[in-house]
Each structure stands twice: as structure tokens, then as C-alpha cells.
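Here is a quick walk through one protein chain, residue by residue and helix by helix. Have the model open as you read.

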Amino acid sequence: MPRVRKGAATRQSKNRVLKSAKGFYGLRHANWRIAKQAVDKAQQDRRIGLRVKKRTFRGLWITRVSAACQQRGLRYSQFIAGLNAAGIQLNRKMLSELAIHDPAAFDAVVAKVQAALAG
């Protein structure tokens with residue numbers, strides 16, 4: 001049985017990595033071995049950065065919703081507990097958008113939350 005050589009697949013794989021390393025400094029964009037290490041590290045850093053970005057935005061949404069609740073005489077923790085009691089399934093991003101762009105709708109949500117907390 002003849003030996004199979006992976007010439008085309010190997011070349012395509014290397015070209016894909018070198019294309020990802022385009023713009024890197026020094027040998028990091030030209031030398032295969034160094035470029036592979038640089039691309040792997042860049043992908044790790046990208047994943048970490050995306051997680052940090054999500055975490056940061058969640059904090060921003062919570063701050064916005066908390067400020068909107070305080071304007072309506074309600075604490076954030078009470079508001080979230082009331083959402084759960086009322087069975088309203090809106091995430092913090094959507095609540096933040098409502099508080100900023102549609103205060104009337106946010107007022108309606110707050111009214112339902114207060115009714116759920118009272119009863």
C-alpha cells in the first residue's frame with residue numbers, strides 16, 4: 001500500500017496560520033514555528049478578552065438598571081427578586097435598554113414587580 005503524503009493539507013494548514021499571523025512583528029508573521037506559537041497565544045488572549053468584555057458589559061447593565069430602579073424608589077435586589085416572583089424573564093441587557101430608551105415600558109415592568117412583591 002503506498003504511503004500517503006499530506007502535502008496539500010499541510011500547506012493549507014500552514015497558510016491558514018500564516019494568514020492569521022499577518023501584521024505580527026518580526027518573525028512572528030513569517031516563520032512557521034514562531035507564527036504558530038504567536039497565533040495560538042493570540043487566540044488564547046482573544047478568548048480571555050471576550051470573557052472580560054462580557055463581564056464588563058454585565059456590570060454596566062446592572063448599574064443602569066440599578067439607577068433606574070432607584071429613581072422609582074426600589075432597590076436593585078428587590079427589583080430582581082420581584083422579577084422572579086412575577087415570572088418576568090427579561091435579561092439585564094434588555095432591562096437596561098428599556099430603562100434608557102423606553103421609560104414607560106420600564107415603568108410598567110416596575111409596576112408588575114411591585115405588585116408581585118406586595119402580593
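Let's begin with L117: once you set aside its neighbours within four places in sequence, L117 is in contact with L74, Q78 and G82. L117 sits in helix α5, and with a relative accessibility of 40% it counts as partly exposed, since that value falls between the 20% and 50% cut-offs. Another residue to look at here is A81: it is 36 residues from L117 in sequence, yet their C-alpha atoms are 8.1 Å apart in space.

Before going further, a word on trust. This is a predicted model, and the protein chain averages a pLDDT of 95, with 100% of the residues scoring at least 70. Confidence is lowest in helix α1 (residues 7-20), where the mean is 94, and highest in helix α2 (residues 32-71), where it is 97.

Back to α5, then, and its helix partners. Two packed helices are described by the angle between their axes and the distance between the axes. Here is how α5 does on both counts:

| Helix pair | Angle between axes | Distance between axes |
|---|---|---|
| α3 and α5 | about 80° | 8 Å |
| α4 and α5 | about 125° | 6 Å |

What does the angle make of α3 and α5? They are roughly perpendicular to each other, because about 80° falls in the 65 to 115 degree range. On the α3 side, the contact is made by Q78, F79, G82, L83, A85 and A86, and on the α5 side by F106, V109, V110, K112, V113, A116 and L117. Sorted by class, the residues of this contact come out as ten nonpolar, two polar and one charged.

The α4 and α5 pair is a case of its own: these two helices are oblique to each other, because about 125° lies above the perpendicular range but does not pass 145. L95, L98, A99, I100 and H101 in α4 meet P103, A105, F106 and V109 in α5. By class, this contact has eight nonpolar residues, one polar and no charged ones.

Now for the inside. In soluble globular proteins, nonpolar side chains tend to be buried together. The largest nonpolar core in this model has 15 residues, and those with the most contacts inside it are V65, F79, L83, L95, F106 and V109. The elements giving two or more residues to this core are α2, α3 (76-86), α4 (92-101) and α5 (103-118). V109 is worth a click: leaving out residues up to four places away in sequence, V109 touches F79, L83, I88, L90, L95 and L98.

Is S96 of α4 buried or exposed? S96 is buried, because its relative accessible area is 0%. Its contacts beyond four places in sequence are W61, R64 and V65.

Over to the N-terminal helix. V17 lies in helix α1 and counts as buried, because its relative accessibility is 13%, under the 20% cut-off. V17 touches W32, A35, K36 and V39, again not counting residues up to four places away in sequence. The C-alpha atoms of V17 and K36 are separated by 6.3 Å, with the two positions 19 residues apart along the chain numbering.

Finally, K22 lies in the loop between α1 and α2. K22 counts as exposed, because its relative accessibility is 70%. Its C-alpha atom is separated by 47 Å from that of F106, 84 residues apart along the chain.

Definitions and conventions
Residues are numbered from 1 along each chain as its sequence is written. Side-chain values use heavy atoms; hydrogens and water are left out. pLDDT is the predictor's confidence in each residue, from 0 to 100. Helices (H or I, at least four residues) and strands (E, at least two) are DSSP runs, numbered from the N terminus. A nonpolar core is a set of buried Ala, Val, Leu, Ile, Met, Phe, Trp, Tyr and Cys residues joined through side-chain atoms within 4.5 Å. Buried means under 20% relative accessible area, exposed over 50%, partly exposed in between (1.4 Å probe, protein chains only). Contact means heavy atoms within 4.5 Å. Axes are lines fitted to C-alpha atoms, for helices over the stretch in contact, and angles run from 0 to 180 degrees between N-to-C directions. Angles under 35 degrees count as roughly parallel, over 145 as roughly antiparallel, 65 to 115 as roughly perpendicular and the rest as oblique. Ala, Val, Leu, Ile, Met, Phe, Trp, Tyr, Cys and Pro count as nonpolar, Asp, Glu, Lys and Arg as charged, and the others, Gly among them, as polar.
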